[in-house]
Amino acid sequence: MSLPDLYAVLGNPVQHSRSPRIHQLFAQQCGQALRYERRLVAPGGFDAALAALRADGGRGCNVTVPCKFDAARAASRLSPRAELAQAANTLGWDEQGLLWGDNTDGIGLVRDLARLLGRDGEAQALRGMRVLLLGAGGAASGVLGSLIEAGAAQLEVWNRSHERAEGLVRRHAQLAARHGAALGASRAPARGHDLVIHATAGSLGGELPQLPPGVLHAGALAYDMMYAARPTPFVLLARAAGARAHDGLGMLVEQAAESFALWRATRVRTEPVLRQLRAELDAEAAAS
Ligand code: NDP
């Protein structure tokens, strides 16, 4: 008897990832069987980790911090959104054994934001909003195009290494112009944004970007791509400043559903999975 299809999440760190649980719940929901593992990537070892997964019969993988740019480079063919991002979070091998890459982070984030903002659908979820994106790594690169397409009026990108923010903005300049969005990179984040998205990996090491006073304020929605059993440091910071704040669990579930659809040609319902995951995280917090 053959084993169920094998998938994995590749990254470093990866132990905290809830992706195996999410894909298990998706598979249960639609009566499919699959295996989904966490695989730790050694520094500089992305290609080796990918080759090992393939050798074990892997059908595809999700890619997390810090490997999304490596994933895009490894793919023989990229979707337009992954090409624009130069970052991939979803890889799969086709019938000919060629590796394709896609990026579902942007659609995942915008779906969760639409839900949190009470907007109907993702097409114009951010219509007219002023958005600050903190970070210019694989995650930020994967979402900027979707934020523009969701109708944001102004987008400011801030990153610790300013030149990376500038590069990201340059790559998206044409898309922003087509959508009439004002897009720029800044050395210090300005005040007055309606939505502040934290997409740095700083919180994995317990460090937050230093933000000038007033960037997080009452009336703003703050979104941390990081998620945890307890409120993340960024969520706590934002709430202390009076902002409404949410972690990235909803994005995680939504981007995973898109990956699942790409691999399995099956659409799943995300609400019950998000409810279940949140209940499990709450139970962990209560037990600790
Ligand atoms: P990358 O390694 O590709 O990029 C890291 C980013 O974080 C860079 O912008 C880097 O800045 C910045 N950074 C790292 N450390 C610090 C620090 N101490 N202070 C300020 N900035 C810092 O990682 P990803 O972009 O792939 O991931 C970023 C985060 O987003 C992770 O926490 C990841 O778990 C989360 N994520 C969550 C998802 C979800 O579905 N909820 C999906 C995708 C990501 P610099 O360029 O200066 O090095």
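In this predicted model, the side chains of Glu258 and Arg111 come together in a salt bridge, at 2.5 Å from N to O. Glu258 sits in helix H9 (residues 249-264) and Arg111 in helix H5 (residues 105-117), so the pair ties together parts that lie 147 residues apart in sequence. The two partners differ in how much of them shows: Glu258 counts as buried because its relative accessibility, 10%, is under the 20% cut-off, whereas Arg111 is partly exposed, with a relative accessible area of 25%. The pair also belongs to a wider arrangement, a network of salt bridges that links Arg111, Glu122, Glu258 and Arg267.

Across the structure there are 16 salt bridges. One of them joins Glu37 and Arg39, whose closest N and O atoms are 3.0 Å apart. Here the acidic partner is the partly exposed one, Glu37 having 30% relative accessibility, while Arg39, at 16%, counts as buried.

Another salt bridge brings the side chains of Glu284 and Arg18 to 2.8 Å, N to O. Glu284 belongs to helix H10, and Arg18 to the loop between strand E1 (5-11) and H1, so this bridge ties together parts that are 266 residues apart in sequence. Glu284 itself is partly exposed, with 36% relative accessible area.

H10 turns up again in the helix packing. Helix H1 (residues 19-29) packs with helix H10 (residues 271-287) at an angle of about 140°, the axes being 10 Å apart. That angle makes H1 oblique to H10, and the crossing is right-handed. On the H1 side, the contact is made by Arg21, Ile22, Leu25, Phe26 and Gln29; H10 supplies Pro272, Val273, Gln276, Leu277 and Glu280. Sorted by class, the residues in this contact of H1 with H10 are 6 nonpolar, 2 polar and 2 charged.

A second helix pair involves H6 (residues 138-149) and H7 (residues 162-178), which pack at an angle of about 20° with axes 10 Å apart. An angle of that size makes H6 roughly parallel to H7. H6 passes H7 in a right-handed crossing. From H6, the contact draws on Ala140, Ser141, Leu144, Gly145, Ile148 and Glu149, and from H7 on Leu168, Arg171, His172, Leu175 and Ala176. The contact of H6 with H7 divides by class into 6 nonpolar, 3 polar and 2 charged residues.

Notes. Residues numbered from 1 in each chain as written. Predicted model: local features only at pLDDT ≥ 70, side-chain atom pairs only at ≥ 80, totals over all residues. Heavy atoms only, no water. Axes fitted to C-alpha atoms, helices over the stretch in contact; angles between N-to-C directions. Helix = DSSP H or I, 4+ residues; strand = E, 2+ residues; numbered from the N terminus. Parallel < 35°, antiparallel > 145°, perpendicular 65-115°, else oblique. Left-handed = near helix turned anticlockwise from the far one by under 90°. Contact = heavy atoms within 4.5 Å. Nonpolar A, V, L, I, M, F, W, Y, C, P; charged D, E, K, R; others polar. Salt bridge = Lys/Arg side-chain N within 4 Å of Asp/Glu carboxyl O. Buried < 20%, exposed > 50% of the residue type's maximum accessible area, 1.4 Å probe, protein only.
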